[in-house]
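Biologist: I should like a close look at the salt bridges in this model. Please describe the partners of each pairing and their exposure.

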Amino acid sequence: MQTYNLITQTYKQYLLLSKMKMALVSLTTLFFIACLATFAYASDPSPLQDFCVAVKDADAAVFVNGKVCKNPDMVVAENFFFPGLNKSGNTSNPVGSRVTPVNVNQIPGLNTLGISAVRIDYAPNGLNPPHTHPRATEILVVMEGTLYVGFVTSNPANPALKNKLFTKYLYPGDVFVFPEGLIHFQFNVGKTNAVAFAALSSQNPGVITIANTVFGSDPPINPAVLTKAFQVKKNVIDYLQAQFWWNID
């Protein structure tokens, strides 16, 4: 009888362990599928036709996530064309740089294709200030001059650690990648003008320039918030909010 009870108890434990293993496998499978789904939707959606030339927002009857498609019968070659990226941008501004974008707003044919480009011109000591692209990774190639570039990681899981800075000096022909959503910058450390071109993994990458956003918003952020966040006196925040923050795009 004792042997029978022991066998019964062992069998029940086996069944319990089997159920736990099956539950763990199921959870792992669900997690894996969720990860794949996240990767699948981590960038611009894939097109469901050859092209979807964008209609200007002002001409669209509805507002959608992206752009409304133009009637394919009305599409022309100019919808996939942008002239003049060989021309220098005007860097006569306080930060000494100018971004010339080529995204879906300049080339309607980029709609749903998940890619865009920019030309960036830098005067000597010109800066493309710290900023992020919330919807795109950027790959940059230097054509002229010397740039000091870098990006900063997101907040580490360990609060005792600091955000890590990755930097590099770039020369003509050098390429550098800025991961999606991370704060990054480029600074012309040379004595001559610099030029770079970049491709971005979105038809509309978006730009959040940190200083402009924090100190130049309309209406302004309550100084009490910024005083606490930056651990400075209110007169410092008042001074920064009183500046004119340039948009170089």
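Modeller: Asp121 pairs with Arg119 in a salt bridge, a contact in which a side-chain nitrogen of Lys or Arg lies within 4 Å of a carboxyl oxygen of Asp or Glu. Between Asp121 and Arg119, the closest N and O atoms are 2.9 Å apart. Both partners, Arg119 and Asp121, are buried (under 20% relative accessible area, with a 1.4 Å probe and protein chains only). The model is predicted, so local features need pLDDT of at least 70 and side-chain atom pairs count only at pLDDT 80 or more, while totals for chains, interfaces and linings use all residues. Residues are numbered from 1 along each chain as its sequence is written, and side-chain values use heavy atoms, with hydrogens and water left out.

The structure holds two salt bridges. Besides the pair formed by Arg119 and Asp121, the side chains of Lys234 and Asp238 meet, with an N to O distance of 2.9 Å. Lys234 and Asp238 both belong to helix H4, residues 234–241 (helices are DSSP runs of H or I with at least four residues, numbered from the N terminus). Within H4, Lys234 and Asp238 are four residues apart, about one turn of the helix.

As for exposure, Lys234 has a relative accessible area of 47% and is therefore partly exposed (between buried and exposed, the latter being over 50%). Its partner Asp238 is also partly exposed, with a relative accessible area of 32%. In general, side chains of opposite charge can pair when their charged atoms come close. In summary, Arg119 and Asp121 are buried, whereas Lys234 is partly exposed, as is Asp238.

Note on methods. Helix = DSSP H or I, 4+ residues; strand = E, 2+ residues; numbered from the N terminus.
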